[in-house]
Amino acid sequence: MSRTERDKFPNFINGKWVESDRYFENRNPANNALIGTISEAGQAEVDAAVQAARDALNGPWGKMSTAKRSEMMHAVADGIMARFDEFVAAEIADTGKPYSLASHLDIPRGAANFKIFADVVKNVPTESFDMVTPDGGQALNYGVRGPKGVIAVICPWNLPLLLMTWKVGPALACGNTVVVKPSEETPATATLLAEVMNEVGVPPGVYNVVHGFGKDSAGEFLTRNQHVNAITFTGETGTGEAIMAAAAKGVRPVSMELGGKNPGVVFADADFDKAVAGIARAAFDNSGQVCLGTERVYVQRSIFDNFVAALKAKAESFKLGDPLADGTNFGPLVSQEHRRKVLSYYQKAVEEGASVVTGGGIPVLDDALKDGAWVQPTIWTGLPESAAVVREEIFGPCCHIAPFDTEDEVIALANDTPYGLAATVWTSDVGTAHRMGRALNVGICWINSWFLRDLRTAFGGSKHSGIGREGGVHSLEFYTELKNVCVKL
Ligand code: NAD
């Protein structure tokens with residue numbers, strides 16, 4: 001069954017489109033045009049989705065072999081790629097991100113997430129131990145992995161399909177069923193994915209989508225539902241705390257991928273041009289709306305002035321405009337509300353005494369885009385480490401650059417944050433590279449690169465940036481229950 005009206009975003013429950021009696025608007029952040037209406041799931045719709053997901057565990061899905069399930073996940077990935085243009089268009093309309101980004105990152109990676117985990121579950125062994133029993137006999141122990149059950153998947157808006165399938169891929173590959181709550185800002189690709197699930201024959205109830213907000217809405221109804229067996233969440237640290245509180249009732253496991261205030265460190269011996277290009281990506285890609293992005297840059301003093309000038313030139317070279325136009329490489333923020341937040345930090349930086357190297361306000365664009373959620377790429381210098389824009393996650397296209405002298409000093413600066421998600425370090429000295437990799441308190445440390453992801457590796461944050469690791473075999477720790485079978489021989 002497919003949706004008939006493309007400007008409607010209904011809920012998807014037990015393989016069917018379900019409307020509720022409450023709606024909210026979906027707007028394109030590039031020009032504020034109305035895309036369509038989203039059906040907000042109430043308690044009844046959320047409970048029905050969870051019930052469908054429970055029932056599906058006992059249907060054909062629960063009896064399906066790992067090999068068959070894995071084949072089906074490959075078919076889902078192929079189904080996304082077969083409708084590539086539709087997925088790209090939907091992601092661009094919801095987020096305003098440029099075509100170049102959505103077509104190279106969001107949608108291909110969104111599809112690849114199904115394949116990688118389908119292959120992981122087929123190829124990962126479990127442990128086995130022979131033991132001598134107290135009566136002098138023998139026993140054999142072996143591990144068996146089974147699904148956890150119904151998984152609630154709660155997603156943010158910055159990389160909607162990619163971050164959602166990063167969780168749905170392993171959850172389904174491991175035999176669970178899911179109820180997805182996409183961000184209220186970006187309902188489209190989760191809804192399109194429902195069509196693909198039906199097209200490739202994923203049984204009803206395995207993949208469900210409920211739309212809505214967090215508190216007193218679909219998000220909270222879902223996390224409080226006691227038939228949800230585990231909750232996987234990507235979003236702000238404060239939201240993570242609220243979800244953990246909900247998960248405490250019923251002692252349900254959580255996987256949390258949360259906020260960051262990530263350092264970028266550039267040593268004087270780094271390849272200068274590559275470091276500038278790398279930090280420019282880390283600070284400005286996706287208009288700074290990447291959890292792994294760099295909002296604090298530390299540059300060794302001897303190259304500080306040159307580096308600031310070169311990054312300024314990069315920031316001023318971005319082409320802002322219609323996301324679908326050739327050459328556009330910088331989009332708006334996701335919403336007017338987010339723009340208000342980012343602009344409030346732009347103002348705070350000035351109040352706290354920053355030197356504004358570039359940007360700091362709203363760009364002047366064509367009439368067609370004047371109502372969009374645009375802000376200028378922005379660089380500051382001259383602030384103390386205690387300044388709000390140096391300490392708090394802004395999630396916008398901006399960074400503060402500060403000089404440093406020694407390795408010990410920059411390690412202390414980089415680690416002085418409640419967050420611990422990612423870092424990017426630029427140096428040509430192999431010793432410095434490895435020492436920094438160990439010294440920084442983060443879940444992922446890139447050396448001479450940024451956002452280079454091998455999906456087999458562990459991904460997650462330390463401190464306030466998260467709980468748990470996902471990726472490759474690490475995802476199995478969360479999405480399966482490991483049971484030991486002990487056979488007395
Ligand atoms: P958010 O926390 O505002 O919202 C995320 C999701 O949670 C949305 O679907 C929202 O509706 C839902 N939600 C909100 N309150 C809820 C509640 N009380 N109960 C249940 N659900 C609730 O985050 P956002 O603004 O959408 O995304 C940006 C944030 O996500 C940034 O902080 C960013 O760093 C973080 N992020 C982290 C990673 C990572 O891998 N660590 C990746 C991407 C984004």
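These legends describe close-up views of the ligand site in a predicted model. Local features need pLDDT of at least 70, side-chain atom pairs count only at pLDDT 80 or more, and totals for chains, interfaces and linings use all residues. Residues are numbered from 1 along each chain as its sequence is written, and side-chain values use heavy atoms, without hydrogens or water.

**View 1. The shell around the ligand.** The ligand has 29 residues around it, each with a heavy atom within 4 Å. C155, K181, E184, T239 and E393 come nearest. By class, 14 shell residues are nonpolar, eight polar and seven charged; Gly counts as polar and Cys as nonpolar.

**View 2. Backbone contacts to the ligand.** Polar contacts here pair N or O atoms within 3.5 Å. A backbone N or O atom of C155 lies 2.7 Å from a ligand oxygen. L258 places a backbone N or O atom 2.7 Å from a ligand nitrogen. At G235, a polar backbone atom is 3.5 Å from a ligand oxygen. The protein covers 91% of the 850 Å² of accessible area that the ligand has on its own (Shrake-Rupley method, 1.4 Å probe).

**View 3. Elements and domains at the site.** α8 (218–224), β11 (230–234) and α9 (237–248) each supply at least two shell residues. Helices (H or I, at least four residues) and strands (E, at least two) are DSSP runs, numbered from the N terminus. Domain 1 (8–258 + 465–488) and domain 2 (262–454) each give the shell at least three residues; the bounds come from an automatic or database domain assignment.

Key: A polar contact is a pair of N or O atoms within 3.5 Å; within protein, one must be able to donate a hydrogen and the other to accept it, and residues adjacent in sequence count only if both atoms are side-chain atoms.
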